[in-house]
Amino acid sequence: MRHVPPSFTTLDLPRQIAIDGPAASGKSSLGRALAARFGYLFLDTGLMYRAFTLAALRAGVPPSDPAECARVAASFDLRVEAAADTRIFVGGEDITPLLRTPEVEANVSAYSAIPAVRTQMVRIQRKVARRRPAVLAGRDIGTVVLPRAPLKFFLEASEDARALRRRAQASSWGTSQGLDEAHRDISGRDVTDSTRAASPLQPAKDAIVIDTTKMALAEVIAFATEKVLCAAG
């Protein structure tokens, strides 16, 4: 059941919502909340890149071999189930629980920087977004995947705040990460994601930028929800 004010209809609301931002800025949490609030499907595009990373690692293909990575990407048997949350299947196997391991975490940015990999992932992401009203979260949604999305958010936060969140996330994923390690992880991914040649992390010119450093998640959700309702007006 859709929890929206009676005066709003599906056609009133923006059909696509793009959420971008660096690691641990709150993209997925906000995306899931908006999808639940408005009855949209939610696609965490980062999980798709993690899935490719896992597949490449299993195949013994390093990110330093972009040609072989392109071959793997072209034959990648990836299936995405996007509803209130995102589940990823490869070759029929639900690999979602495997996508937060330290090995995947350490390598995902390197594989994600490969243009051929991004091209394949973007194609699938756009296909999912065409199914029905959707919230997509990632690093290039508003700039590359859905540049014409009527509503775009870009979340940012200080490195200290994001390192604390990443440490807490690691615990919820069943792994352990110290604060220093979380800082190194966050800092390294920031550099790789923002300087890569293919689809670098940056806010779209028409994105609403939200600094979540000192905001509780409930405040971020309330602010974004108001913007969705305003966009429907």
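**Lys-27 and the salt bridges of a predicted model**

The side chain of Lys-27 comes within 3.1 Å of the backbone oxygen of Gly-21. The model is predicted.

User: What makes the approach of Lys-27 to Gly-21 a polar contact?

Analyst: The cut-off for a pair of N or O atoms is 3.5 Å. The side chain of Lys-27 reaches the backbone oxygen of Gly-21 at 3.1 Å, so the pair meets the distance limit.

User: Why is Lys-27 said to have no salt bridge?

Analyst: A salt bridge needs a side-chain nitrogen of Lys or Arg within 4 Å of a carboxyl oxygen of Asp or Glu. For Lys-27 the nearest side chain of opposite charge is Asp-44, 6.9 Å away; therefore the condition is not met. Lys-27 is buried nonetheless, and it lies in helix α1, residues 27-38. Among the residues it touches are Ile-19, Pro-22, Arg-139 and Leu-155.

User: Why is Ala-24 called buried?

Analyst: Its relative accessibility is 7%, and buried means under 20%, so Ala-24 counts as buried. Ala-24 is in the loop between β1 (16-20) and α1. Its phi is near 65°, a positive value in a residue other than glycine.

User: Is Ser-199 buried or exposed, and how do you know?

Analyst: Ser-199 has 16% relative accessibility, so it counts as buried. Ser-199 sits in the loop between α8 (179-195) and β8 (208-211). Its phi is positive too, about 50°, although Ser-199 is not a glycine.

User: What makes Arg-32 and Asp-85 a salt bridge?

Analyst: Their side chains meet at 3.8 Å, N to O, and the limit is 4 Å, so the pair qualifies. Arg-32 lies in helix α1 and Asp-85 in the loop between β3 (78-82) and β4 (86-90), so the pair ties together parts 53 residues apart in sequence.

User: Why is Arg-58 called exposed and Glu-93 partly exposed?

Analyst: Exposed means over 50%. Arg-58 has a relative accessible area of 52%, so it is exposed. Glu-93 is at 34%, so it counts as partly exposed. Glu-93 forms a salt bridge with Arg-58, the closest N and O atoms being 3.2 Å apart. That pair links strand β5 (residues 93-94) with helix α2 (residues 45-59), 35 residues apart.

User: How do you know that Arg-162 and Asp-190 form a salt bridge?

Analyst: The N to O distance is 2.6 Å, within the 4 Å limit, so they form one. The pair links helix α7 (residues 159-172) to helix α8, 28 residues apart. Both Arg-162 and Asp-190 are buried.

User: How many salt bridges does the structure hold?

Analyst: The structure holds 15 salt bridges.

Terms used:
Residues are numbered from 1 along each chain as its sequence is written. This is a predicted model: local features need pLDDT of at least 70, side-chain atom pairs count only at pLDDT 80 or more; totals for chains, interfaces and linings use all residues. Side-chain values use heavy atoms; hydrogens and water are left out. Helices (H or I, at least four residues) and strands (E, at least two) are DSSP runs, numbered from the N terminus. Buried means under 20% relative accessible area, exposed over 50%, partly exposed in between (1.4 Å probe, protein chains only). Lys and Arg count as positive and Asp and Glu as negative; His and the chain ends are not counted. A polar contact is a pair of N or O atoms within 3.5 Å; within protein, one must be able to donate a hydrogen and the other to accept it, and residues adjacent in sequence count only if both atoms are side-chain atoms. Contact means heavy atoms within 4.5 Å. Lists of a residue's contacts leave out its neighbours within four places in sequence.
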